[in-house]
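Here is a walk through a multi-chain model, going chain by chain and then across the contacts. Have the viewer open while you read.

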Amino acid sequence: MRLSRLGAAVVVATMVAAACSSTPGGSGGAGQKGTLKLGVTLPLSGGAAADGQPTLKGAKLAVDEANAKGGIGGYKLELMPLDHAVNGKYNEQQAAQDMQTFVADAAVIGVVGPYNSAVGKVQIPISNDAGLVQCSPANTNEGLTKPEFGALNLRKNHPDRINYIRVATTDDIQGPAMAVYGFNTLKLKNVLIIDDVTTFGKGVADNFEKKWKELGGTVVDRVGAGADTTDFNGIITAAKPKNPDGVYYGGVVTSGAGLLLKQLRQQGLTIPFMGPDGIVNGNGDAEGSLIKVAGAQNAANSYGTIAAIGDFPAKKDFDAAFSEHFKGDSDFKTPGAYSGPAYACATVVLKSLEEFLKTNASADQKAIREGVRAYASDPSHSFDTVLGKTSFDKNGDNTQKFISFYVTDPAAPNNGDWVFKEQQDFGGS
Amino acid sequence: MSEIREIERPVPAGRNAAGGRDLRSRIGEIRERAHAFSSRHRSTSVVIGLSLVAAILPLIVLLPPLSGFSSQPVWVNGFTIAGIYVLLALGLNIVVGLSGLLDLGYAAFFAIGSYSFAFAASPFTGVDVPFWPMLLIGAVLAAVFGILLGAPTLRLRGDYLAIVTLGFGEIVPIVFLNSSTYTEGPNGIGGISPPSLPSIAFTSADPWPWYITMIVLIAVSMIFIYRLQDSRLGRAWMAIREDELAAASNGVNTVTTKLLAFALGASTAGLAGVFSASKLTLVSPNLFRFDVSFTVLAMVVLGGMGNIWGVAVGAFVIFMIQNVVLKQLNILFDNIYVPILSDIDFLQYQFLLYGIALVAMMLLRPEGLFPNRRRRRELHADESTLGELGDPMGATPQ
Amino acid sequence: MATTAVTTARAPFERVSRRSTPYVFVVGLALAVFALIGPAQFINALTIGAIYALVALGYTMVYGIIELINFAHGDVFMVGAFVSMFTLTTILGDGSFSLGVGPTVALIIVAFAGTMAVMGVLGVLIERFAYRPLRNAPRLAPLITAIGVSFILQNAVQIVYGPSPINTPQLIPPTARIEIGSISIGLINVFVIGSSVGLMVALRLFVNRTRLGRAMRATAQDREAAQLMGVDINRTIALTFFIGSALAGAAGVVQGFYFGNIQFNLGFQAGLKAFTAAVLGGIGNITGAALGGFVIGFVEVTAAAFGLFVWGQALVFAVLIITLIFRPSGLLGQQLGERA
């Protein structure tokens with residue numbers, strides 16, 4: 001029975017090891033007052049790592065910077081990332097368990113994440129019941145915050161308590177923004193729309209299409225191509241005879257944006273390629289960036305939107321700080337599409353903590369958690385982040401409705417890069 | 001090849017080969033007695049066994065090594081989720097373990113159960129059917145789908161059956177994903193209602209009502225499946241697993257037997273689906289991909305195909321490995337410093353470790369943790385003496 | 001397998017059944033597709049179908065000989081693509097690809113030969129260490145092991161190369177076209193289809209005309225009898241894995257050239273489609289697997305042409321299920337009766 005002996009040895013080893021481990025909930029470490037934790041819930045392994053890891057690092061940068069300054073209010077900050085990817089893809093069940101873990105750990109005063117809107121639907125009921133603030137850098141589905149889209153179902157027990165805030169704008173801003181740009185500025189008329197059949201991709205493509213038709217443009221084809229798609233040739237060949245003069249892709253690069261762009265160019269279509277912030281994810285040397293996957297020459301004539309103020313000193317500083325901080329890592333050394341927003345989310349939570357501790361220096365962990373939530377979700381407070389001046393409305397949505405437009409420049413250093421073109425304010429629309 | 005050795009005289013219970021009594025033989029005797037008791041009083045032993053398990057598990061996690069990882073409510077919550085997989089494994093065990101029908105698309109039935117509750121109890125449809133009757137309805141619906149999806153496979157043999165079930169397992173989530181108007185597509189249907197009992201509240205904060213409900217569901221399923229296994233139907237399943245032609249020649253109606261295998265196997269997935277939808281408050285096509293089907297299959301194989309308690313344990317073990325241990329490795333090695341291991345980001349190695357674990361488990365013990373005795377004899381025939389079911393040519397190639 | 005008295009109807013490496021219905025079906029399907037979607041899409045379908053067919057060959061060969069669904073096969077294909085990429089980038093460095101015809105052809109041959117050899121060895125190693133010990137185990141044990149191996153291969157590649165798509169050198173410019181009269185076909189398409197068909201024909205010749213091929217067919221048909229006739233079973237099975245994996249490696253090379261992009265999770269989808277192709281054609285039958293690959297290519301591209309791209313995968317399985325309803329042993333599988 002070799003197996004049982006081996007098993008017994010493993011169990012004993014684990015027990016010994018774990019007995020030496022510290023218990024959660026404040027290890028009385030370096031800070032005078034102990035440690036508080038910032039939870040991060042993202043899909044971090046397998047294929048989803050290309051989405052989750054750069055985002056995680058944005059939050060990590062914020063925490064590391066705070067610790068370098070001596071912590072906040074005497075507390076040391078600790079990042080607590082939990083991976084809810086199972087078999088390489090985000091898993092709502094695991095995400096629910098992770099949120100339970102965060103809620104049960106009293107030292108956790110806020111959570112950054114999640115990345116996918118469906119996960120948000122699962123986690124908000126749990127974090128809302130516990131009053132734990134949760135800031136998402138990337139969720140775009142309206143149903144997570146707006147009562148008219150069903151958000152109250154997610155906070156049935158405490159409908160007036162807002163704990164979920166997000167820095168990403170909802171789908172109904174980015175999609176129409178690019179539609180307006182494509183129609184008025186780029187003067188396109190017939191467009192091929194492809195989405196990756198995810199909450200984000202389909203949502204933003206639907207909104208693009210609606211606006212496009214309102215403006216008077218025509219849609220050559222509207223195709224859904226699941227996130228696993230690698231071969232877009234059939235779609236492109238089918239669309240070619242209909243003479244599209246532009247392509248809009250609703251989705252992120254891990255769903256195939258780079259492959260689509262490359263195959264478009266290979267089939268001879270050099271028409272403008274447009275997409276949301278998921279495709280503006282770094283220069284030609286950055287791992288997993290649109291420009292790298294498609295190739296710098298192929299990526300020419302591509303346009304993307306970012307839900308933030310562009311050409312803004314803080315953004316350049318952030319990019320530099322990020323690259324410097326993570327230059328020793330084996331992968332993902334440069335910011336991805338959502339690193340900035342994650343950094344912003346972490347900034348919001350940490351700033352809320354700081355402000356709360358200024359007036360309640362001796363609060364216990366439970367009070368801190370509630371205080372952070374109250375401060376962050378208060379519509380009258382605003383935060384200076386890398387996305388600009390950020391504040392949240394009564395539903396938890398970002399009030400900042402600036403959209404920046406970026407275009408690819410193959411001749412830029414690092415094998416091509418995204419270059420800021422202009423920005424517009426969609427507030428009030 | 002195996003030598004023909006002298007057939008040994010049978011050893012009486014409670015004594016060792018030399019005729020004396022020692023600890024080992026006494027334990028052996030106790031095991032024999034327990035085994036005899038449980039085969040005659042199945043339902044009671046299931047209830048007793050599960051109650052013990054249900055009571056011990058939450059207590060173990062209060063002890064030092066395990067309490068360091070998470071608090072008790074988080075552990076208990078994890079066990080409840082493991083219970084969902086136990087239900088799935090129990091059902092697949094009927095199809096694969098008892099009846100020998102290789103089903104690679106079992107997640108489809110899980111999806112049916114979940115979505116049926118989503119349609120019955122969420123703001124999306126506006127209807128609010130209570131949880132408890134829906135359990136039954138979900139199970140029946142899944143069973144009906146079991147028959148529907150099983151019907152085309154009746155004429156198929158072996159691995160053709162596998163690929164067709166795999167196909168169904170792929171088609172069902174694709175249908176749910178692309179029919180946005182009816183199923184909310186990739187967003188999933190959220191806001192699903194929890195169960196309601198007069199004085200007990202099912203919330204996300206309190207894991208105990210969920211835990212107890214799950215234990216009860218597992219107990220009911222196990223009792224039901226044991227009854228089936230011991231019945232004519234169960235024997236018919238095992239007959240078609242061993243030799244379909246001989247079974248048919250003996251009057252077993254292979255068509256109804258197979259369809260019932262699919263139907264009853266799917267019914268526990270329906271139960272699990274309704275429970276999962278309610279607990280998670282969400283269903284989405286993402287939860288029912290091929291890797292779910294495969295994970296449940298691995299649980300059945302690891303547990304020992306055909307053995308009901310075995311697959312339950314197998315399900316629990318694999319769930320713990322995949323969803324708890326592998327995810328916690330980083331935290332473990334952050335807390336205790338080991339020279340090389342603490343620098344590795346284990347999240348990126350999850351797949352690798354899991355794959356190695358699977359390969360190792362199969363190489364070490366291909367018959368599973370708790371195989372039925374026949375299999376073990378077949379696999380290790382050259383190691384043992386010639387028993388009464390022995391085979392002159394040695395291990396029969398399986 | 002002691003338990004199936006009813007055989008899995010298989011035509012392991014034998015001459016295809018005389019009935020021509022399946023061929024007529026496939027040719028008819030091809031013509032219908034051509035008429036429906038036009039020549040450009042038809043070429044797309046043939047190209048992607050050729051890649052699926054190459055991968056399906058390995059599946060069907062391994063199944064024919066040891067009745068194992070080798071779920072790791074798709075990942076062997078993926079590793080092959082990476083090996084090819086590695087070989088080419090090492091040789092070419094960062095240089096441009098304005099090489100003459102001669103050096104290009106030489107490089108292509110090097111890529112093929114090197115990748116196929118390495119993949120063949122990998123396949124043999126996998127068989128030796130992960131499958132052979134389980135040859136007498138319950139049928140499902142090697143299935144689980146196969147997926148374990150699949151996970152290991154995927155994660156190993158991901159650790160080395162990261163999770164994002166990697167660019168591969170496309171020695172044949174994707175925009176180059178061949179003009180024959182009024183018809184214009186992409187050079188890359190010709191390359192893909194040509195090399196796949198060439199390899200398939202070579203395989204067919206090997207299996208039908210050589211001693212080793214005969215040994216493979218014999219082992220697939222009746223292992224004990226083959227052993228009695230002096231065939232070394234272990235060597236033959238190892239050879240089967242070598243050839244099957246080499247073909248998967250070749251498919252990986254072709255994939256790199258055609259798409260210019262490879263990713264660590266390429267194997268799962270490809271493996272699934274290849275497996276479907278193998279079953280569609282009658283598992284164990286080489287020609288069937290090739291036909292199955294093309295049929296799947298047709299179905300997918302037709303779905304895309306009619307705006308049903310998202311339903312492509314579902315349609316492929318629907319076609320499979322319907323085919324199996326009418327021909328339970330696949331297109332070219334032999335209709336063997338129930339055998340005692």
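Of the 429 residues in chain A, 62% count as buried, where buried means 20 or more other C-beta atoms within 10 Å of the residue's own, exposed means 12 or fewer, partly exposed is in between, and C-beta atoms are placed from the backbone. This is a predicted model, so local features need pLDDT of at least 70 and side-chain atom pairs count only at pLDDT 80 or more, while totals for chains, interfaces and linings use all residues. Residues are numbered from 1 along each chain as its sequence is written, and chains are lettered from A and ligands numbered from 1 in the order in which they are written.

Chain A has twelve helices and 16 strands; helices (H or I, at least four residues) and strands (E, at least two) are DSSP runs, numbered from the N terminus. For 429 residues a compact globule would have a radius of gyration near 22 Å, and chain A agrees with its 22 Å. That radius is taken over C-alpha atoms, and the globule rule is 2.2 Å times the number of residues to the power 0.38. Along the principal axes, the C-alpha atoms of chain A fill a box of roughly 65 × 65 × 45 Å.

The domain assignment splits chain A into domain 1 (30-169 + 329-390) and domain 2 (171-306 + 402-425), with bounds that come from an automatic or database domain assignment. Their C-alpha centres lie 29 Å apart. Where they meet, domain 1 of chain A puts in 17 residues and domain 2 of chain A 19 residues; a contact here needs C-beta atoms, placed from the backbone, within 7 Å. On the domain 1 side, helix 2 (49-68) and helix 4 (117-130) of chain A each supply at least two residues. That side has five nonpolar, nine polar and three charged residues. The classes work like this: Ala, Val, Leu, Ile, Met, Phe, Trp, Tyr, Cys and Pro are nonpolar, Asp, Glu, Lys and Arg are charged, and the others, Gly among them, are polar.

Here are the other two chains next to chain A.

| Chain | Residues | Buried | Contacts 24 or more positions apart, among those with a separation of 6 or more |
|---|---|---|---|
| Chain A | 429 residues | 62% | 75% |
| Chain B | 398 residues | 49% | 72% |
| Chain C | 340 residues | 58% | 80% |

Chain B is built from 16 helices and two strands. Which chains does chain B touch? With chain A, the contact takes 41 residues from chain B and 44 residues from chain A. Helix 4 of chain B gives the largest share of the chain B side, five residues, and that side divides into 18 nonpolar, 20 polar and three charged. With chain C, the contact takes 45 residues from chain B and 43 residues from chain C. Helix 7 of chain B gives the most there, twelve residues, and this side of chain B comes to 28 nonpolar, seven polar and ten charged.

Chain C has eleven helices and four strands. A compact globule of 340 residues would have a radius of gyration near 20 Å, and chain C agrees at 20 Å. Its C-alpha trace spans about 60 × 45 × 35 Å along the principal axes. Strand 2 (residues 177-180) and strand 3 (residues 183-186) of chain C pair in the antiparallel sense over four bridges; pairing takes at least two DSSP bridges. C:Arg177 stands opposite C:Gly186. The two strands form a hairpin with two residues between them, and C:Gly181 in the turn has a positive phi of about 65°.

Is C:Leu31 buried or exposed? C:Leu31 sits in helix 1 of chain C and is exposed, with 11 other C-beta atoms within 10 Å. C:Leu31 and C:Asn261 are 230 residues apart in sequence and 31 Å apart in space, C-alpha to C-alpha.

Last, the packing. The largest nonpolar core has 362 residues, and A:Val349 and B:Ala89 have the most contacts inside it; such a core is a set of buried Ala, Val, Leu, Ile, Met, Phe, Trp, Tyr and Cys residues joined through C-beta atoms within 7 Å. Helix 1 (residues 21-66) of chain C gives the largest share of this core, 23 residues. Domain 1 and domain 2 of chain A each contribute at least three residues to this core. Leaving aside neighbours within four places in sequence, B:Ala89 is in contact with residues including B:Val296, B:Met299, B:Val311 and B:Ala315.

Note on methods. Contact = placed C-beta atoms within 7 Å.
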